[in-house]
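Here is a short briefing on one protein model. Look at the structure first, then read the points by topic.

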Amino acid sequence: MTYGFYLSTCLILVVLQTTVMPNIPVLNSFFDLLTAFTIYLGLFRSTRESLPLIIVLGLVIDNLSGAPFLLYTTSFFWVFFGVRWLKGMLQAGTHFRLSILVTVGVLIENLIYIAAVGLMIPGRQSAATIAFAVALQLCWAFVIGPFMVIGFKRLHRLWENLVGTIFIKRADMTEHEK
């Protein structure tokens with residue numbers, strides 16, 4: 001049922017990011033919500049469990065976004081493994097360390113995006129505009145990111161408990177009926 005949680009969470013995040021957040025002016029410069037979810041996967045879930053989801057999620061977002069093909073897949077991949085590598089050096093127990101990890105993950109994604117788009121369409125935006133947008137995203141990531149990652153962890157635990165009790169009750173009822 002873990003993949004059910006992943007599927008529903010990703011679907012909710014994609015809908016929020018593509019339909020709700022663009023209509024709220026304060027959230028125009030918010031970082032990619034799926035990056036926060038990728039960071040959660042990198043910190044708290046196994047590679048065997050997370051990697052297929054990251055690849056599929058990246059491919060879906062690549063097809064929805066209109067960005068260069070494999071841009072999001074590549075950025076999610078590097079964010080995931082970058083966070084896993086940093087996790088070995090930093091213990092992700094405190095909010096400050098978690099803030100650092102989320103900020104670095106968002107920075108990795110932005111650098112990949114800037115490099116890809118900058119190579120394809122040179123001179124599209126000024127460096128000051130890009131730097132300001134990235135700085136705002138990094139501030140959002142530093143402040144809000146740890147709460148999102150901890151929220152994903154708690155929601156996953158709640159999902160597992162809820163689904164586990166529902167299916168255990170149904171399994172017990174069917175065994176007693178036999």
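Ser75 is found in helix 4. This is a predicted model, and Ser75 counts as buried in it, at 2% relative accessibility. The points below start from this serine, then move to the fold, the core and a few single residues.

**Ser75 and its surroundings**

- The side chain of Ser75 reaches the backbone oxygen of Tyr72, at 3.1 Å.
- Residues up to four places away in sequence aside, Ser75 touches Glu109 and Ile112.
- Ser75 and Leu111 are 36 residues apart along the chain. Their C-alpha atoms are separated by 9.0 Å.
- Ser75 is buried because its relative accessibility of 2% falls under the 20% cut-off.

**Overall fold**

- The protein has 6 helices and 0 strands.
- Read from the N terminus, the order of elements is α-α-α-α-α-α.
- Of the 178 residues in the protein, 37% are buried.
- Take the contacts in the protein with a separation of 6 or more: residues 24 or more positions apart account for 73% of them.
- The exposed area of the protein is about 10500 Å². Carbon and sulfur atoms supply 71% of that area.

**Confidence**

- Mean pLDDT for the protein is 86. A value of 70 or more is reached by 88% of the residues.
- Confidence is highest in helix 2 (residues 33-44), at a mean of 93.
- Confidence is lowest in helix 6 (residues 127-177), where the mean is 83.
- Where pLDDT is low, predicted coordinates should not be read in detail.

**The largest nonpolar core**

- The largest nonpolar core holds 39 residues. Phe37 and Leu41 have the most contacts inside it.
- Two or more residues of this core come from each of helix 1 (2-20), helix 2, helix 3, helix 4, helix 5 (95-120) and helix 6.
- Helix 2 gives the most to this core, with 8 residues.
- In soluble globular proteins, nonpolar side chains tend to be buried together.
- What does Phe37 touch, not counting residues up to four places away in sequence? The list is Phe5, Tyr6, Thr9, Cys10, Leu13, Leu53 and Phe152.

**Leu13, in contact with Phe37**

- Leu13 has its place in helix 1.
- Leu13 is buried, at 6% relative accessible area.
- With neighbours within four places in sequence left aside, Leu13 is in contact with Leu33, Leu34, Phe37 and Phe152.
- Leu13 and Leu34 are 21 residues apart in sequence. In space they are 6.7 Å apart, C-alpha to C-alpha.

**Leu101**

- Leu101 is located in helix 5.
- Is Leu101 buried or exposed? Leu101 counts as buried, at 0% relative accessibility.
- Gly82 lies 19 residues from Leu101 along the chain. The C-alpha atoms of the two are separated by 9.1 Å.

**His156**

- His156 lies in helix 6.
- His156 counts as buried, with 2% relative accessibility.
- Which residues is His156 in contact with, leaving aside its neighbours within four places in sequence? They are Thr2, Phe5, Tyr6, Tyr40 and Arg45.
- Phe5 and Tyr6 are among the contacts of His156, and both also appear among those of Phe37.

**Leu70**

- Leu70 lies in the loop between helix 3 (47-65) and helix 4 (71-89).
- Phi of Leu70 is positive, near 70 degrees. Leu70 is a residue other than glycine.
- Leu70 counts as partly exposed, at 37% relative accessibility.

**Cysteines**

- How many disulfides does a search of the whole structure find? It finds 0.
- A disulfide is a covalent bond between the sulfur atoms of two cysteines.
- Cys10 counts as buried, at 7% relative accessibility. Cys10 is also one of the residues that Phe37 touches.
- Cys139 is partly exposed, with a relative accessible area of 49%. That value does not make Cys139 exposed, because exposed means over 50%.

Key
Residues are numbered from 1 along each chain as its sequence is written. This is a predicted model: local features need pLDDT of at least 70, side-chain atom pairs count only at pLDDT 80 or more; totals for chains, interfaces and linings use all residues. Side-chain values use heavy atoms; hydrogens and water are left out. A disulfide is a pair of cysteine sulfur atoms within 2.5 Å. Buried means under 20% relative accessible area, exposed over 50%, partly exposed in between (1.4 Å probe, protein chains only). Helices (H or I, at least four residues) and strands (E, at least two) are DSSP runs, numbered from the N terminus. Contact means heavy atoms within 4.5 Å. Accessible areas come from the Shrake-Rupley method with a 1.4 Å probe; for residues, only the protein chains shown count as cover. pLDDT is the predictor's confidence in each residue, from 0 to 100. A nonpolar core is a set of buried Ala, Val, Leu, Ile, Met, Phe, Trp, Tyr and Cys residues joined through side-chain atoms within 4.5 Å. A polar contact is a pair of N or O atoms within 3.5 Å; within protein, one must be able to donate a hydrogen and the other to accept it, and residues adjacent in sequence count only if both atoms are side-chain atoms.
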